[in-house]
Amino acid sequence: MELSIDILQNYLIVRLKGELDHHTSEDIRKKIDQQYYNNNLLHIILDLRDLSFMDSSGIGLIMGRYKNCKERNGKVLIISTNSNIGRILKMSGLLKIINMYSSVDEAIKD
């Protein structure tokens, strides 16, 4: 699993590449939360375009970040063009509460 984190205005932009599963999700969660709280940010953009696999722990990671952002009146935005990941997100019900976009620019503009 590769992780890169950038900050743009009030957005923490998290790019994930590889497999997000129970082996990697806890470490990823800690890194995201550390950057989010240490930089006093409002929103999180999760760029999942290069994610090849995600299990239920990945859904849990997204839900937890959603809760954190909601407590600050912020939001989580998902970037994904991968149909398999999109299907998992839809089946989980996450797309009822989190919007999905095809690019970071599109998400920020919305």
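Two strands are taken as paired if DSSP finds at least two bridges between them. The exercises below apply to a predicted model.

**Exercise 1. Strand β4 and its neighbours**

Determine which strands pair with β4, in what sense, and how the chain passes between them.

*Solution.*
Step 1. Four bridges link β3 (residues 43-54) to β4, and the pairing is parallel. The cut-off of at least two bridges is therefore met. Within this pairing, Val-76 of β4 is the bridge partner of Ile-44.
Step 2. β4 also runs parallel to β5 (residues 99-101), with three bridges joining them. Here Leu-77 stands opposite Asn-99 of β5.
Step 3. From β4 the chain crosses through helix α3 (residues 83-92) to β5 in a right-handed β-α-β crossover. A right-handed β-α-β unit is likewise formed by β3, helix α2 (residues 56-71) and β4.
Step 4. On β4 (residues 76-79), the side chains of Val-76 and Ile-78 point one way, while Leu-77 and Ile-79 point the other way. All of these residues are buried.

**Exercise 2. The buried face of helix α1**

Establish whether the length of α1 agrees or disagrees with the expected span, and where its buried residues lie.

*Solution.*
Step 1. Helix α1 (residues 25-38) has 14 residues, so at 1.5 Å a residue it should span 20 Å. The C-alpha atoms at its ends are 20 Å apart, which agrees.
Step 2. Ser-25, Ile-28, Ile-32, Asp-33 and Tyr-36 are the buried residues of α1.
Step 3. Viewed down the helix axis, these residues fall within an arc of 125°, and they therefore line one face of α1. An α-helix has 3.6 residues a turn, so residues three or four places apart point the same way.
Step 4. The packing partners of the buried residues of α1 are β1 (2-8), β2 (11-20), β3 and α2.

**Exercise 3. Positive phi values**

Describe the backbone and the setting of Gln-9, Asn-40 and Asn-73.

*Solution.*
Step 1. Most residues other than glycine have a negative phi.
Step 2. Gln-9, not a glycine, nevertheless has a positive phi of about 55°. Gln-9 is placed in the loop between β1 and β2. Its relative accessible area is 63%, so Gln-9 counts as exposed, the cut-off being over 50%.
Step 3. Asn-73, in the loop between α2 and β4, has a positive phi of about 60°. With a relative accessible area of 70%, Asn-73 is exposed.
Step 4. Asn-40 adopts a positive phi of about 50° just after α1.

Terms used: Residues numbered from 1 in each chain as written. Predicted model: local features only at pLDDT ≥ 70, side-chain atom pairs only at ≥ 80, totals over all residues. Heavy atoms only, no water. Buried < 20%, exposed > 50% of the residue type's maximum accessible area, 1.4 Å probe, protein only. Helix = DSSP H or I, 4+ residues; strand = E, 2+ residues; numbered from the N terminus. Right-handed = clockwise from strand over helix to strand, strands pointing away. Expected span 1.5 Å × (residues − 1). Arc of directions from axis to C-beta. Contact = heavy atoms within 4.5 Å.
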